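I opened this one to see what the side chains and the backbone are up to. Notes below, in the order I went through them.

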Amino acid sequence: MKKQFTLAPIFRDNMVFQTGKHIRIFGTCKKGAEIKIEFLDQALCFKTKSDRFFIELEPVAPQKKGFSFTIYSKKQVETIYNCLVGDVYFFAGGKNMYMPLKETYHEDDFENHNIRFLDLKNDLTEIIEKTYQTKWAVCGRESFGNYSALGSLFAKHIITKVDMP
């Protein structure tokens, strides 16, 4: 069965949405498909006019507990699990940004499930055009071992200051 829609690669389990900003969900679709979304206490139904869709929902307060949202059509259902709403930071840089946590001597507690990482080391064009599968990682020494030590320490510090995911 051919899919009626495909979410953009960033929409995966464990993702984080930016608090205080409109929630934007987008992807590709079959022209004329009727798509419905249920996101926390918001619901929206629309009919697509082209081969791409973009919907904008109202801003949401921080959500410290994981939630799921569902997008569906008559022939297809997609659910994204364990999402959060909080602050989102973008880290970019050279080799110092890519020193993985597992190579440090830092023995801090990294088991905070309100910290998430999305690895975008690959070219963003490749991610979008070739449907490279992104993956959001939930904080933990085992799962974060290959992620940036600097980014991990920043996230650990900032979450104690702002008290949100």
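**Entry 1: salt bridges.** I started with Arg-24, which at 45% relative accessibility counts as partly exposed. A reminder to myself before going further: this is a predicted model. What does the side chain of Arg-24 meet in a salt bridge? I found Glu-56 there, at 2.6 Å from N to O. Arg-24 sits in strand β3 (residues 23-29) and Glu-56 in strand β6 (residues 52-57), so this pair ties together parts that are 32 residues apart in sequence. I checked Glu-56 for cover too: its relative accessible area is 38%, so I put it down as partly exposed.

How many salt bridges does the count come to? I get two. Besides the Arg-24 pair there is Lys-64 with Asp-163, whose side chains meet at 3.0 Å, again N to O. Lys-64 belongs to strand β7 and Asp-163 to the segment after α3 (149-162), so here the parts tied together are 99 residues apart in sequence. Is Asp-163 buried or exposed? I noted it as exposed, because its relative accessible area is 52% and the cut-off for exposed is over 50%. Lys-64, with 42%, goes down as partly exposed.

**Entry 2: the loop between β7 and β8.** Next I looked at the loop that runs between β7 (63-72) and β8 (77-86), where I found Lys-75. Gln-76 lies in that loop as well. I compared their cover. Lys-75 has 52% relative accessibility and so counts as exposed, whereas Gln-76 has 8% and so counts as buried. Where does the side chain of Gln-76 reach? I traced it to the backbone nitrogen of Gln-4, at 2.7 Å.

**Entry 3: surface patches.** Lys-75 came up again when I went over the surface. Together with Lys-2, Lys-30, Lys-36, Lys-47 and Lys-74 it forms a positive patch. I also looked for nonpolar surface and found a patch of about 330 Å², made by Tyr-89, Phe-91, Leu-150 and Val-162. I picked Leu-150 out of that group for a closer look. Leu-150 is in helix α3, and with a relative accessible area of 43% it is partly exposed.

**Entry 4: backbone angles.** Last stop, phi. Most residues other than glycine have a negative phi, so I went looking for exceptions. One of those I wrote down is Leu-40, with a positive phi of about 50 degrees even though it is not a glycine. Where is Leu-40 found? I placed it in the loop between β4 (34-39) and β5 (42-47). Its relative accessibility is 35%, so it counts as partly exposed.

Asn-82 went on the list too: not a glycine, yet its phi is positive at about 55 degrees. Unlike the loop entry above, this one took me into a strand, as Asn-82 has its place in β8. I have Asn-82 down as partly exposed because its relative accessible area is 31%.

Conventions: Residues are numbered from 1 along each chain as its sequence is written. This is a predicted model: local features need pLDDT of at least 70, side-chain atom pairs count only at pLDDT 80 or more; totals for chains, interfaces and linings use all residues. Side-chain values use heavy atoms; hydrogens and water are left out. Patches are made of residues with over 30% relative accessible area and no salt bridge: like charges are joined within 9 Å, nonpolar side chains (Val, Leu, Ile, Met, Phe, Trp, Tyr) within 5 Å. Accessible areas come from the Shrake-Rupley method with a 1.4 Å probe; for residues, only the protein chains shown count as cover. A salt bridge is a side-chain nitrogen of Lys or Arg within 4 Å of a carboxyl oxygen of Asp or Glu. Lys and Arg count as positive and Asp and Glu as negative; His and the chain ends are not counted. The place of a charge is taken as NZ of Lys, CZ of Arg, CG of Asp or CD of Glu. Helices (H or I, at least four residues) and strands (E, at least two) are DSSP runs, numbered from the N terminus. Buried means under 20% relative accessible area, exposed over 50%, partly exposed in between (1.4 Å probe, protein chains only). A polar contact is a pair of N or O atoms within 3.5 Å; within protein, one must be able to donate a hydrogen and the other to accept it, and residues adjacent in sequence count only if both atoms are side-chain atoms.
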